[in-house]
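Q: Could you walk me through a few spots in this protein? I am new to reading structures, so plain sentences would help.

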Amino acid sequence: MLHHLPGVTATQGTALPRARPTSRWTLERKLALFIFVLLALVIAIFGTAAFRQMLAASVERATSRLERVAEQLAVTSAATATSRVAQLREVAADPAVIAAAERGTTPADTAALRERLEGDRRAADSTLVAVELWTASGRPVLGDAARNGKDAAALLRVVPQVVATRAPARSPLYGNAGRVHVWTVVPVFAGGRVAGAVAEHRRLASNPRTDQTLRDLVGEAVSLYFASTESDEWATLRGVPVEAPFGLPPGKSATRVRDRAGRMQYVAAAPVANSPWIIVLSEPEQEVLARPREFLGFMVWMGGLLLLVALVSAWLLGRHVTRPLRTVTVAAEALAGGDYSRRVEVTGARELAQLGATFNAMAAGIGRAHAELAERNAALEQANAAKARFLAMMSHELRTPLNAIGGYTELLQLGLRGPVTPEQVEDLARIRRNRDHLLSIITDILSFARADAGHLTLHMHDVPLAAVLADTQAALGHQHEAAEVRVLFDPVPADLLVRADRDKLQQVLLNLVTNAVRFTEPGGEVRVGTEPRADRVVLRVRDTGIGIPPEKLERIFEPFVQVDASLTRKVGGTGLGLAIARELTEAMGAHLSVESTVGEGSTFVVDLQRAGVPAVPDGPKALTA
């Protein structure tokens, strides 16, 4: 008996070869599976993005709330402290208080003096411990000299500060007998000098209504603390000392930190103005992330339901869209390959016909955009070439009259056209200096135009660095003396060789030194130093000038950019010297960078290739833009 198995047939008792198995998945099923997987990926990606966005929004909302409330509480505390300082100033201005501080002894009528010190004290003010009067030397006139050591230490730390600064001061928070205390001290003036100080001693405390108001404002999960910059003491809102749950954040922005229990917290701190006190708010991370996690669970459940519905719908619709979509796919591939003339036949159901028409419109739009973009690119290239030619031509043409001005100025200075007075010689010198300055600007523009157009060439050789520095020093002449700036060149070994174009390297050094002199105040210094290394040589041009802001360290190497581009700037120039210097150094296989501190000076670093290490081929090298 012959069994019929898959892939095997029998004819007249002879078995035929097994046929190659075919996939049981139809194209419609594959399309349904593809749509299912694609939709799952889309849901996962966008769901993850939505979750992250919600997570970021929750964190931003929580941290913003903590920062805002901490700042508000700090402002309120500062206002309260300022109001209390104003009241203490009135007490310190009382003639009886001034007289007692000047005498340095307790008057016979201590009750009257205490009444003047605590005249505005209310019965409901339970946080006030005492108001005392002390001399400028630190002796009590009306106070407890033998009080608890912590109270005395805190007060005696503030009184000398008030006497020295002649301004009110507040003590850091300190714990004593299970409560947190602070001192506020104001000076007592007598005849323009500090005769003593009025010191107010208070406990930190708040009433239940204040607690509830803050809870309504920031939420039940938020904890509020008081801390000090000058002590390790922490306190709760009720004024109870507590161990610091975490370190203080570095700034006013909320920070994510780990507390002593190992839990993550979002913490915001705000300093109280004119005091060492700090308001600190914290909220557990799990409370901040509770709502995003609930959203994630709902999104997972809803995404699963959508995927199930999508799977069934894709299987039902797959057979209706497979063939037309294949046609559109082929046309889309042709469009992506650059065939912008490809179109599809608009047939089939309404949706498919609309898809075909939309594709055709998109293809036509892309074709038009591509053609327009090509035209604009060609126009931009022509405009850029015209600009480069114009700059090169104008720079070249301007040199001729400037050279004539220089020549005739020399003739006049030499007296070949007749005698000249000393004043006229000085005027001719000014003309020549301005001519040289203008010629330098035009030379920079011409060099930049040539570099931008790719018309400069480099001749790379082994160059003795000492000779280049000597030529640079000679080329500077006495320019720096007019600016009253010292230019120093550190000694360089005579056998130290670098791989460079000698003329271009000298131009780079001249630009850097001239730039350093220009931005250095009179009496400053510019120093050129050398640091030989194994395969490199580092040149440093240091100055003691005005410095460069960090955000402009790279922009100064862009053409026509200066640190101060306003019309009122003190230093002139086109802003091309550093751009040309970087172009030349990079073309020679070197690197130019800058380090700077505003107000202290700048250091331009040229990292050159040492001779004997092949990197740049010999002979002329075109400098391309």
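**A helix, a serine and another helix**

A: We can start with Ile45, which lies in helix α1, a helix that covers residues 27-92, and please keep in mind that the model is predicted.

Q: Ok, is Ile45 buried or exposed?
A: Ile45 is exposed, because its relative accessible area is 56% and the cut-off for exposed is over 50%.

Q: And which nonpolar surface patch does Ile45 help to make?
A: Ile45 belongs to a nonpolar surface patch of about 830 Å², and the other residues that make this patch are Leu33, Phe34, Ile35, Val37, Leu38, Leu41, Val42 and Phe46.

Q: Switching topic, where is Ser602?
A: Ser602 has its place in strand β21, which runs over residues 601-610, and Ser602 is buried, because its relative accessible area is 4%, where buried means under 20%.

Q: What does Ser602 touch, leaving out residues up to four places away in sequence?
A: Ser602 touches Val541, Arg542, Asp543, Gly547, Ile548, Val594, Glu595 and Ser596, and with the last of these, Ser596, the side chain of Ser602 also makes a polar contact of 2.8 Å.

Q: Now helix α13, why is it called largely enclosed?
A: Helix α13 spans residues 577-587, and 9 of its 11 residues are buried, so it is largely enclosed by the rest of the structure.

Q: Which residues of α13 are buried?
A: The buried residues in α13 are Gly577, Leu578, Ala579, Ile580, Ala581, Arg582, Leu584, Thr585 and Ala587.

Q: And what comes just after α13?
A: Just after α13 there is Gly589, which takes a positive phi of about 80 degrees.

Key. Residues are numbered from 1 along each chain as its sequence is written. This is a predicted model: local features need pLDDT of at least 70, side-chain atom pairs count only at pLDDT 80 or more; totals for chains, interfaces and linings use all residues. Side-chain values use heavy atoms; hydrogens and water are left out. Patches are made of residues with over 30% relative accessible area and no salt bridge: like charges are joined within 9 Å, nonpolar side chains (Val, Leu, Ile, Met, Phe, Trp, Tyr) within 5 Å. Accessible areas come from the Shrake-Rupley method with a 1.4 Å probe; for residues, only the protein chains shown count as cover. A salt bridge is a side-chain nitrogen of Lys or Arg within 4 Å of a carboxyl oxygen of Asp or Glu. Helices (H or I, at least four residues) and strands (E, at least two) are DSSP runs, numbered from the N terminus. Buried means under 20% relative accessible area, exposed over 50%, partly exposed in between (1.4 Å probe, protein chains only). A polar contact is a pair of N or O atoms within 3.5 Å; within protein, one must be able to donate a hydrogen and the other to accept it, and residues adjacent in sequence count only if both atoms are side-chain atoms. Contact means heavy atoms within 4.5 Å.
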